[in-house]
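Open the model in your viewer and keep the selection box at hand. The tour moves from strands to cores to rings, then to single residues.

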Amino acid sequence: MKKLIIYIAFVTSSLFIFSDDEPYTTYTGEILQCNLQDGKDANDVLKMVKNDWYDLSYPVPYEGWVLTPTLFADNDGGYDLFWAGFTSNNSDMGASLDWFNVNATKVFGKWQNLVSCASWSHWDIFEARRPANQLVEGDTGYWAFHSCNFKDGKSVSDLRANDTEWNKFLDGIGHNGGVWRWWAGGGSDTQNSTDYYINISFSTMKEYGEYRDARMNAMMSGSMPEQIADCAAPRVYSANNIKAITTN
């Protein structure tokens, strides 16, 4: 699969209902897959967005991240870095783009002097597990990102019960990160047959390793929760928060 941005958004939520139970918290994301221009590096990008982009005053709550690959394969697409932006819903994302196109041409020009982006896409996300710790602006962390397809006989209607099982498992191993499941929107790859993507957040790579150890031990002991989807091996990304939603 191509490398896709993984994200975590902490924003005022809309609602996405999959059952008669309490609805999921949902978000909308925009993802840019990019390569660095000759002579530029990720620090150049971080410096620019922490200054020029940070000062932009969006008309709706908007959160921004820069991500770089940490664990990846040679056939993932080869992107150097990614921009991930988040709003509460698709309407707010549209409003943010309308505003950006009019008011941020100079900042976007500086962005294009640093990177060349191969794609720009939108994603619908819902939160299967809320992180224990609230986002602090400027935080860094890691995301493990899987592409998944439902197993035969399984569907969206099975997600709620399966999320309950997996949250119990994550509680049992003391995992403090969040889990998000997201679905392709406008601009996504029409040749990709993935049903959805799942992202699990970690504060450190040690925490990621502890989670992988717990999964392996549960698999060996037969205590692993049911897996209703076949998910590919994760790609892991380092994420740098630029602006938290609470600053808008």
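In which sense do strand 3 and strand 4 pair, and over how many bridges? Select residues 63-71 for strand 3 and residues 81-87 for strand 4: they pair in the antiparallel sense over five bridges. Two strands count as paired if DSSP finds at least two bridges between them. Helices (H or I, at least four residues) and strands (E, at least two) are DSSP runs, numbered from the N terminus. Zoom in on Gly64, which stands opposite Gly85 in strand 4.

Now add residues 235-243. This is strand 10, and strand 3 pairs with it in the antiparallel sense over seven bridges. Pick Thr68; its bridge partner in strand 10 is Ser238.

**Ground rules and confidence**

This is a predicted model; local features need pLDDT of at least 70, side-chain atom pairs count only at pLDDT 80 or more, and totals for chains, interfaces and linings use all residues. Residues are numbered from 1 along each chain as its sequence is written, and side-chain values use heavy atoms, with hydrogens and water left out.

Colour by pLDDT, the predictor's confidence in each residue, from 0 to 100. The chain has a mean of 88, and 90% of its residues reach 70 or more. Select residues 1-20: pLDDT stays under 50 there. The model still has 89 contacts (heavy atoms within 4.5 Å) beyond four places in sequence for this stretch. Where pLDDT is low, the predicted coordinates should not be read in detail. Among the elements, strand 1 (residues 14-16) has the lowest mean pLDDT, 38, and helix 3 (residues 105-114) the highest, 97.

**The whole chain**

Show the cartoon: five helices and ten strands. Of the 248 residues, 49% count as buried. Buried means under 20% relative accessible area, exposed over 50%, and partly exposed in between (1.4 Å probe, protein chains only). Among contacts between residues at least 6 apart in sequence, 84% join residues at least 24 apart.

**Two cores**

Select Phe150, Leu159, Phe169, Val179, Trp183, Tyr196 and Phe202. They have the most contacts inside the largest nonpolar core, which has 24 residues. Such a core is a set of buried Ala, Val, Leu, Ile, Met, Phe, Trp, Tyr and Cys residues joined through side-chain atoms within 4.5 Å. Elements giving two or more residues to this core include helix 4 (159-172) and helix 5 (205-221). Strands 5, 6, 7 and 8 are also among them.

Next, select Leu56, Tyr58, Met93 and Phe100. They are among the 22 residues of another core, which lies apart from the largest one.

**Rings**

The whole structure holds 24 aromatic pairs. Rings of Phe, Tyr and Trp (its six-membered ring) pair if their centres lie within 6.5 Å; planes under 30 degrees apart count as stacked, over 60 as edge-to-face and the rest as tilted. Show Trp53 and Trp83. Why is this pair edge-to-face? The ring centres are 4.7 Å apart and the planes stand at 70 degrees, so the pair falls in that class. Trp53 lies in helix 1 (residues 42-53) and Trp83 in strand 4, so the pair ties together parts 30 residues apart in sequence. Both are buried. Extend the selection: Trp53 and Trp83 form one aromatic cluster with Tyr58, Tyr62, Trp99, Phe100, Phe108, Trp111 and Trp120.

**Two last stops**

Pick Asp98 in helix 2 (residues 90-103). Is Asp98 buried or exposed? Asp98 is exposed, because its relative accessible area is 55%. Its C-alpha atom is separated by 9.8 Å from that of Pro59, 39 residues apart along the chain.

Finish on Thr164 in helix 4. Thr164 has a relative accessible area of 40%, so it is partly exposed. Measure to Arg129: the C-alpha atoms are separated by 9.3 Å.
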